[in-house]
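Subject: Structure for you to look at

Hello,

Here is the structure I said I would pass on. Please load it before you read the rest.

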Amino acid sequence: MYCKYCKKKNHNIDDCPDIICRICKLFGHPHWKCNNKQEINKLETNKLEANKLETNKLETNKLETNKLETNKLEANKLETNKLETNKLEINKLETNKLDNNFHTHLKKKELKRNEIIYNCNNIENLHDFKMFLDMQWGEI
Ligand SMILES: [Zn+2]
Ligand SMILES: [Zn+2]
């Protein structure tokens with residue numbers, strides 16, 4: 001008998017107490033005699049499974065984050081649109097106000113003109129008419 005691993009002559013390598021198994025890392029058997037193979041495979045599989053779940057979880061988080069990011073952007077966009085609309089609404093109201101002021105001004109002018117024409121009927125000579133015009137001119 002001769003052990004190829006530890007060089008002792010009372011056992012062969014299959015029964016060597018000093019050899020370390022490459023599969024399960026335990027002393028006392030070479031890897032081709034390992035009974036823990038299935039255990040190891042199972043552990044490997046569990047590890048892969050765990051990694052897969054971790055990856056899925058990260059993927060889901062990433063998607064969730066993207067979704068939140070998108071919602072946030074959507075909300076900002078809506079907020080901006082709302083503000084833009086309000087701004088346009090205010091501009092429109094401002095314009096209407098200016099239009100109204102202009103129309104009021106025109107209406108006043110028209111009334112004044114009618115008043116002047118009415119008063120003119122009582123004037124008999126050109127001199128009085130000129131004086132009357134000068135007087136009215138300052139009021140328009
Ligand atoms: Zn040995
Ligand atoms: Zn082993």
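Below is what was found in it, starting with the overall layout and ending with two backbone angles.

Please keep in mind that this is a predicted model.

Layout. The protein chain is split into two domains: domain 1 covers residues 1–34, and domain 2 covers 36–137. Taken over C-alpha atoms, the centres of the two lie 83 Å apart.

Helix H1. This helix runs over residues 37–120. How does the span of H1 compare with what its 84 residues should give? At 1.5 Å a residue the expected span is 124 Å, and the end C-alpha atoms are 123 Å apart, so the two values agree. H1 is also hardly covered, since the count of buried residues in it is zero. A residue would need 20 or more other C-beta atoms within 10 Å of its own to count as buried.

Backbone angles. Two lysines have a positive phi, although neither is glycine. Lys-7 has phi near 70° and sits in the segment before H1. Lys-25 has phi near 65° and is also found in the segment before H1.

Are these two lysines buried or exposed? Lys-7 is exposed, because it has 7 other C-beta atoms within 10 Å, and the limit for exposed is 12 or fewer. Lys-25 has 10 C-beta neighbours inside 10 Å, so Lys-25 counts as exposed too.

Regards

Notes. Residues numbered from 1 in each chain as written. Chains lettered and ligands numbered in written order. Predicted model: local features only at pLDDT ≥ 70, side-chain atom pairs only at ≥ 80, totals over all residues. Helix = DSSP H or I, 4+ residues; strand = E, 2+ residues; numbered from the N terminus. Domains from an automatic or database assignment. Expected span 1.5 Å × (residues − 1).
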